[in-house]
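User: I am new to this structure and would like to learn how to read its features one at a time. Please begin with the overall picture and then turn to the details.

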Amino acid sequence: MSSTTQSIARELALGLLTQQWQPQWLSPSRISGAEQLLQACLEEAIAIREAGRAQLSLELLQAAEQAGLVSPWLIDNQARALVELEERQAAWQLWQRLIEHSDNAAAENARSMMDLQESSLLDALGSVCARDSWVPRHLSDPTQGSLLERVLQEIITTRESNAAQLSLDLAIATRNQGWNDPWLFDNQARALVHLHRDAEALEIWQQLQAHADEQLAATANEMVQLYGARVAEQELERRCRQLIEQGDRDQAEALLLQALRKAPAAPGLREQLAQLLGGGSESDLLSQELQQRNAHLAVHERLLDALEQR
């Protein structure tokens with residue numbers, strides 16, 4: 001065995017030992033060449049994965065590749081470990097690299113595994129659609145693009161057809177199946193906005209602002225600018241309702257005026273302050289209309305006073 005092969009074998013075995021795994025196949029003393037080393041790595045990775053330690057199996061295979069070992073079966077077993085880790089999109093992408101490989105067995109295996117992952121996802125999404133009596137318009141038509149493109153289009157179509165909850169459920173089901181394309185997160189956020197869950201959507205877009213995909217990051221930044229103020233306004237309204245319920249009307253009024261000094265046109269805040277200043281509960285319609293008008297005038301006067309004081 002060459003000194004290089006021996007060194008690689010020892011390094012890989014040591015890495016396993018540091019992770020509390022006793023090598024069963026990767027024993028440097030029993031390896032006499034590069035082919036044996038490759039086979040030992042594959043057998044060891046399979047044994048580790050079948051023992052329920054998919055992450056360690058993946059790390060071993062990646063380390064073997066980085067050490068210079070080359071085989072389509074290293075990639076195949078990485079993909080299998082990723083499936084165990086519920087990262088099926090990453091696994092699918094690895095198998096996609098192999099479908100044109102010169103090793104016919106590896107290529108055929110990769111195509112079969114890709115089909116299996118696609119079928120699993122389509123079955124899961126089909127069940128979600130059936131639950132809501134929605135007939136998919138894109139999922140099963142390969143002429144409309146790649147699997148992920150079709151999934152995203154279905155999510156968009158349901159949202160634009162006023163089925164925002166279904167759109168959200170499809171995005172979540174796709175992610176639960178191990179597909180984590182960042183545009184799934186963006187579309188999940190858009191469905192949340194349609195469901196009036198702006199704060200949850202904003203949190204997703206804030207996380208996407210730093211994404212490596214420049215287009216996605218720019219889109220996320222635009223959405224943060226668009227919905228950030230709205231969410232802050234909604235949170236303030238919620239806080240003021242709590243204060244009013246607790247009897248601290250003066251504190252609620254002070255918070256509303258402070259916010260309106262920065263955004264005088266915010267309709268929700270103006271309406272909440274009008275309700276706060278309106279008080280009373282007149283019974284006849286005319287009295288109620290007069291009360292509302294006086295309350296809005298009071299808001300205007302209070303805001304003018306606050307601006308003059310500043």
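Analyst: The turns below go from the whole chain to single helices, ring pairs and backbone angles. Please keep in mind that this is a predicted model.

User: How many helices and strands are there in the protein chain?

Analyst: The protein chain has 14 helices and 0 strands. Read from the N terminus, the order of elements is α-α-α-α-α-α-α-α-α-α-α-α-α-α. Of the 310 residues in the chain, 43% are buried. Among contacts between residues at least 6 apart in sequence, 48% join residues at least 24 apart.

User: What is the mean pLDDT of the protein chain, and where does pLDDT stay under 50?

Analyst: The mean pLDDT is 86, and 79% of the residues reach 70 or more. Over residues 280-291, pLDDT stays under 50, and for this stretch the model has 8 contacts beyond four places in sequence.

User: How does one read a single helix, for instance helix 4?

Analyst: A general idea comes first. An α-helix has 3.6 residues a turn, so residues three or four places apart point the same way. In this structure, helix 4 covers residues 72-84, which is 13 residues. From first C-alpha to last, helix 4 reaches 19 Å, close to the 18 Å expected at 1.5 Å a residue.

User: Which residues of helix 4 are buried, and what covers them?

Analyst: The buried ones are Pro72, Leu74, Ile75, Asp76, Asn77, Gln78, Ala79, Ala81, Leu82 and Val83. Because 10 of its 13 residues are buried, helix 4 is largely enclosed by the rest of the structure. The cover over these buried residues includes helix 2 (34-50), helix 3 (54-66), helix 5 and helix 6.

User: What is found at the start of helix 4, and what follows the helix?

Analyst: At its start, a side-chain oxygen of Ser71 comes to within 3.1 Å of the backbone nitrogen of Trp73. After helix 4 comes Glu86, with a positive phi near 60 degrees.

User: How does helix 9 read by these steps?

Analyst: Helix 9 has 13 residues and should span 18 Å at 1.5 Å a residue; its end C-alpha atoms lie 19 Å apart, which agrees. Buried residues in helix 9 include Pro182, Leu184, Asp186, Asn187 and Gln188. At the start of helix 9, a side-chain oxygen of Asp181 reaches to within 2.9 Å of the backbone nitrogen of Trp183.

User: What does a positive phi tell a reader, and where is His196 found?

Analyst: Most residues other than glycine have a negative phi, and most peptide bonds are trans. His196, a residue other than glycine, has a positive phi near 65 degrees. His196 sits in the loop between helix 9 and helix 10, and at 72% relative accessibility His196 counts as exposed. Ser133 is not a glycine either, and has a positive phi of about 55 degrees. Ser133 belongs to the loop between helix 6 and helix 7 (147-160) and is exposed, at 68% relative accessibility.

User: How many aromatic pairs are counted?

Analyst: The count is 2 aromatic pairs. In one of them, the ring centres of Trp92 and Trp179 are 5.8 Å apart and the planes stand at 55 degrees, so the pair is tilted. Trp92 lies in helix 5 (residues 88-96), whereas Trp179 lies in the loop between helix 8 (164-176) and helix 9 (182-194), so the pair ties together parts 87 residues apart in sequence. Trp92 is buried at 12% relative accessibility, and Trp179 is buried at 2%.

In another pair, the rings of Trp205 and Tyr227 have centres 5.6 Å apart and planes at 20 degrees, so this pair is stacked. Trp205 is in helix 10 (residues 198-208) and Tyr227 in helix 11 (residues 214-245), 22 residues apart. Both Trp205 and Tyr227 are buried.

User: Which residues is Gln117 in contact with, leaving aside its neighbours within four places in sequence?

Analyst: With those neighbours left aside, Gln117 contacts Val83, Arg88, Trp92, Trp95 and Trp179. Gln117 is placed in helix 6 (residues 104-131) and is buried, with a relative accessible area of 5%.

User: How many disulfides are counted, and are Cys41 and Cys129 buried or exposed?

Analyst: The count is 0 disulfides. Cys41 is buried, with a relative accessible area of 1%, and Cys129 is buried at 1% relative accessibility.

Conventions: Residues are numbered from 1 along each chain as its sequence is written. This is a predicted model: local features need pLDDT of at least 70, side-chain atom pairs count only at pLDDT 80 or more; totals for chains, interfaces and linings use all residues. Side-chain values use heavy atoms; hydrogens and water are left out. Rings of Phe, Tyr and Trp (its six-membered ring) pair if their centres lie within 6.5 Å; planes under 30 degrees apart count as stacked, over 60 as edge-to-face and the rest as tilted. Helices (H or I, at least four residues) and strands (E, at least two) are DSSP runs, numbered from the N terminus. Buried means under 20% relative accessible area, exposed over 50%, partly exposed in between (1.4 Å probe, protein chains only). Contact means heavy atoms within 4.5 Å. The expected span of a helix is 1.5 Å times one less than its number of residues. A polar contact is a pair of N or O atoms within 3.5 Å; within protein, one must be able to donate a hydrogen and the other to accept it, and residues adjacent in sequence count only if both atoms are side-chain atoms. pLDDT is the predictor's confidence in each residue, from 0 to 100. A disulfide is a pair of cysteine sulfur atoms within 2.5 Å.
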